[in-house]
Structure formats: structure tokens, C-alpha cells
Amino acid sequence: MENKINIEKYFNKGTFVVPEYQRGYKWSVKDGDKESSLEFFLTSLIIAFENNLSEYFIEAVTVVEDNKQIILVDGQQRTTSLFLIFKELGEIDLLKDKLVYNIREDSHKWLSNQISEIEDEDVQDIYYFKEAIKQIESKKEQIKSGEERNKKSFLSFVKENVFLLYNSIPKEKAVNTFIALNGLKAIMKDEELIKSDLLIKSSRIEIEEGQYDKNQPSEIKSEDDVKKWIEIQKEQFAIEWKVNEDRGRLSRNWDKWLYWWNQDEVKNYFGTGNNHPLYYLLVTYWNINNVADEKIKEFSFDNFKSQFIDNAKNAKLHFEGLRKLQKTFEDMYYSWEIYNLLGLALNTAIFKNDVLEFFIQNREKKEKLKRFTKWSLAGCTIKEISDDTEHKYIEKRDALKSTLYDKELYNSDAKNQAYLQLLRMNVSDMNTRKFDFDVFKTKSLEHICPQKPNELDTDFINSKNDIDEKSDSINSIGNLVLLNGSANSSLSNRPLDIKKQKLFEKIKDGFLLPHTLKVFSKSFTTNTKESETEKLFDNEKYWLSQNVDDNKAYFFNEFDKYYGE
């Protein structure tokens, strides 16, 4: 069973046991000047703390529950690192009798403070424990700074706000699961399975069959045999070290990708929803590179594995491919122009996977991306756009324009088309800035002149009557602007001057909708005489029939220009 729990509940599960078949602690190993896995892990926790995230996810652990013992099948590096972080930062009560290191007795004794000096500790886990303590020590000032800013302790954040997936499996499956991860298929998501297989195979060194079957100890018969055996042992040790080093480097890459996709603003922009944070990275890679039999279309672990991770060479190749694709996603996200175009397309699309694939493959062709977004907003399919079916474009454009002309647009089934076109106009007016598409998640259409003005405001009723009598309708596109839901509720049926005031106050909260603000700010010129009655309809306060008609004409002039009519 798979359960999401925070770290405090995790540490209260029982006593963690690192079994004999596990490797020793290696997360403090450094690759030259690069961060160790522990440093990256701790830095990511500190950044999450500084940003005061309500939840920060550190993936899954797989265990066997044996009475009060929690045998760590997968996740011992993270668990030991958390143990060392808590130990170094003074969280002693949580750690009492919490970690049993069965790999080596001296390692367990050192962690339990039973002895202080160990012979040959450089070849034991103790060396890496001490390196870990130094690395944690170097982060204390950064942790202290975050605590002063958040008025909350870092350890409280880690215990309460950091979560993992807790997977418990039967004891008889433990060793096979550790070796091949085959037992995880029923309890892990495809994305975690892909990670596991990629890390195992892409860090594996291909060895010719029988290479290490020679000169086993029982067969040593001469001094030359001894020398050969020693050389083989040295080579085996070097290979194991290289495997661990590669696996650590690849794992750090994966964790960096996960951290990026786990940011709230990234998840909201791409609409990750309940999918794994890396879902769009992996499924886009699958869609772009899947050249297998046409029958293999579905993205799954088995399909991904059979096509991309069938051996060490392919695993390395595709891990590098994923790294480049991740860089492309980040480049598109940080480019304001592509960000805005893709954001429009994602909010239009039914199938986001197809949109992402198109943008990835055409990221260097800005005009092609603009054209794609333009016609997808008009209702064209990706196939129609890709096939350059021009007559379809014209049909869709004319149908859309006719729909938007509806004088009762606000009350029609085509209201979504108004949302999208007004969204486009707001995004277009951003110039060189990224648009906040979160506004569109609670989208709302606001009447500039209210449908139901306050009954006591007789002047305002006159302005509404003027629109009803002389213009198309108060529910036409000329009287509508895009808002987010919270801003709409605060404007309600208020007069125009109060709406302006409230709307401009919303700018301070980050609700920047440039086209909406521009429409509200306009003073249209009227041809009416300066009679006392007509002064009631001051352009700064009221919205007249001519204002609605002029704004409608402005909307369709811009529409025709954009769609090339």
C-alpha cells in the first residue's frame, strides 16, 4: 500500500534497519567541485523552507515492516541523511534508538555514539558520516537566516511539511526488489520505475561475459595467479566506485528536475494536476522519440523500458536525451515570449501532450509557434494547423467571428470563446513580460455597465437603459472584459468609477490584466449635446451606448487584424 506521510510520522514508525544487502552510506561523496547528493538534498530542503511551502515531496521509500523494525529496502540514503541532519541540528529526542546499521557494526556504534575512535575508519561508512556532518555544518548559517525570516524552526518545517511516499512490501520480496525493482511494479508510479531502471542501467558498466570468472580464490595455484587475482580485485573495486559515482551524479540530475517541476508556479502553469511532477517531461520524451511499432502508443513503464532502457548503452543515451529535453523545457519557461504563447495554447488545448510536443519540436521557429497559437485559439486542430489547411482556417475564423457577434454572448454557450479571445488580448498587451495564467483558472466575464445596477442609482439605470435601447445589448462583447473570480466578486454591480478604483487596487495583489485595465481607463468621445440631462452620463463615470459600440468595434478591428482578414 502507498501512503503519503510527513517526516515526523515516518520517524515515528519504528526503528529503521539498514540490512546487510544494502550498500554503505555514500550521499556525502563529492564529484569534484559539484555538490554531493547530501548537499543538494539539504539545499532543496532549505529552499523549500525559505519559500514556506505547505508541502515538499522527497519521493518514495520502500520498506519491510517487521514488528517495530522498519527494514529499508529503498531509501536508506535519504533516511540516513535525515538522521544525520536531525542529529547535527540537535533533534535528539526523535532519534533515540531509531537507526540500526547492520551493514557494519562499527558504523552502527559510531551513529549511536557508543565509541569515538575506530581503526581504519577511512574505509568505513564513518568517513562519509563525518563528511556529511561537515557539509551539514556548512549550511547552518543559511538555515539560521531562513528561521529568522520565517519565524519558524527549520526542523519543524522538515518534520511537518516534508512528505514522502511510504511503501510497505512483504519480507519475501525484499531482496528481489532491491536487486531488480521488479517487485515495485504494483506499488510505484511509472515515473519512479523509470527513474530506478534508468539509474541502474545507465550507471552500469558493460562487462564481457566471463571476464571475472577467472582465478577465483579456490583456483589460485601460483604467485602469478595471486597477482592476477589482486589486479582483478582492484579493477572490480574501481568499477564499483565508478558505478556508485555515476549513479550519484545521475540521481542528482533527476532530483534537480524533480525540484524544478515541483515548484507551485511550474505545476500550475503546465497543469500537472494529480500526475507525477515529471509526467510531462517523460511523456513528451516518449511522444517525440517513440518510433516503435504503431501498436505501442501508450506511455507506460513497460513500453518506455522496452524501447529506451533495454541495455546500459541505450539507458545512458536516453538519460542524456531527457537531460537535454529538461533544459529545453526550462528555456521555454524562462523565455517570456514562448512562455506566453505556450500558456495560451495550453489553456486552449484538450490534449496538452500534443501542444508540448509541437512547441518542443518547433521552439526555434517563433513565427510557427505564433501561427500555431493563433489558429488553435480559433478552434483549429493540431492536424489542420500542421497540414496548413487554409480553407479550414477561414471557416473556423468566420464561424468564431459570427459567434462573438452574438448580442447575448454572455448568456450563450459560446462564452468560452469570449474568455479565450479576451485572454489573448490581455496576454498580447504584456509586451516583454510573462503573463500570470493563474488568473485564468478562476476566469470570469465582468460587465462594464452592470446587468443589474443599484435600484437607487437612477442615473446609472438611465445609462443601462441607454445601452439597451441604442446598442446591441449589455451582454455583448462590447460590454465585457476578462477578470479573475476574486476580482469579479469585489466589483459586483458597482458604478464604473468605483469599479475602476477597486480594479486598480487589485493590481497591487498581482492581478495584472492590461487589456481589461485599458478598456476600463478609456474615455470614449460622444457626439451628444452638453445638456444638463446628458451630463448625467459623464464618460468618467458612466458607460453609454456609444461606448459599448465603440468598444465592440475596437474588439473586432483588433480581431480582424490578428486573424488577417
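The following paragraphs lead through a predicted model, from the whole chain down to single residues.

The chain has 565 residues, and buried residues make up 50% of them. Its secondary structure comes to 25 helices and eight strands. If one takes the contacts between residues with a separation of 6 or more, 71% of them are accounted for by residues 24 or more positions apart.

A good place to begin is the interior. The largest nonpolar core holds 76 residues, and those that touch the most other members are Trp-261, Phe-270, Phe-304, Phe-329, Leu-342 and Phe-359. Phe-304 can serve as an example, since leaving aside residues up to four places away in sequence, Phe-304 touches Ile-194, Leu-282, Tyr-285, Trp-286, Phe-299 and Ile-309. There is also a second, separate core of 45 residues, and among its members are Ile-7, Phe-11, Trp-27 and Ile-133.

Two residues named for the largest core, Leu-342 and Phe-359, lead on to a pair of helices, because Leu-342 is one of the H15 residues and Phe-359 one of the H16 residues through which these helices meet. Helix H15 covers residues 336–348 and helix H16 covers residues 352–361, and their axes come within 10 Å and cross at roughly 155°. An angle over 145 degrees counts as roughly antiparallel, and H15 and H16 are therefore described as roughly antiparallel to each other. Their crossing is right-handed. On the side of H15 the meeting residues are Ile-338, Leu-341, Leu-342, Ala-345 and Leu-346, while on the side of H16 they are Lys-352, Val-355, Leu-356 and Phe-359.

Another pair of helices is arranged in another way. The axes of helix H2, residues 37–50, and helix H6, residues 140–150, come within 9 Å and cross at roughly 15°. Because angles under 35 degrees count as roughly parallel, H2 is roughly parallel to H6. H2 passes H6 in a left-handed crossing. The residues that make this contact are Ile-46, Phe-49 and Glu-50 from H2, together with Gln-142, Ile-143, Gly-146, Glu-147, Arg-149 and Asn-150 from H6.

Both of these helices are followed by loops that deserve a closer look at the backbone. As a general background, most residues other than glycine have a negative phi. In the loop between H2 and strand E3, which spans 56–66, one finds Asn-52, and the phi of Asn-52 is near 55°, a positive value in a residue other than glycine. Asn-52 is partly exposed, with a relative accessible area of 49%. In the loop between H6 and H7 one finds Lys-151, and although Lys-151 is not a glycine, its phi is positive too, at about 55°. With a relative accessible area of 73%, Lys-151 is exposed.

The loop that holds Lys-151 leads to H7. Helix H7, residues 154–161, is mostly covered, with six of its eight residues buried, namely Phe-154, Leu-155, Phe-157, Val-158, Lys-159 and Asn-161. Helix H24, residues 514–521, is likewise largely enclosed by the rest of the structure, because six of its eight residues are buried. In H24 the buried residues are Pro-514, His-515, Thr-516, Leu-517, Val-519 and Phe-520.

Three single residues complete the tour. Val-73 belongs to strand E4, residues 69–74, and counts as buried because its relative accessibility is 2%. Val-73 and Val-18 stand 55 residues apart in sequence, yet their C-alpha atoms are 7.9 Å apart in space. Lys-134, by contrast, sits in helix H5, residues 125–137, and counts as exposed at 56% relative accessibility. From Lys-134 to Glu-88 the separation is 46 residues in sequence and 9.5 Å in space, taken from C-alpha to C-alpha.

Asn-551 is the last of the three, placed in helix H25, residues 545–562. At 3% relative accessibility, Asn-551 counts as buried. A polar atom of the side chain of Asn-551 lies 2.8 Å from the backbone oxygen of Gly-478.

How values were computed: Residues numbered from 1 in each chain as written. Predicted model: local features only at pLDDT ≥ 70, side-chain atom pairs only at ≥ 80, totals over all residues. Heavy atoms only, no water. Helix = DSSP H or I, 4+ residues; strand = E, 2+ residues; numbered from the N terminus. Buried < 20%, exposed > 50% of the residue type's maximum accessible area, 1.4 Å probe, protein only. Polar contact = N/O pair within 3.5 Å; in protein donor to acceptor, adjacent residues only side chain to side chain. Core = buried A, V, L, I, M, F, W, Y, C linked by side-chain atoms within 4.5 Å. Contact = heavy atoms within 4.5 Å. Axes fitted to C-alpha atoms, helices over the stretch in contact; angles between N-to-C directions. Parallel < 35°, antiparallel > 145°, perpendicular 65-115°, else oblique. Left-handed = near helix turned anticlockwise from the far one by under 90°.
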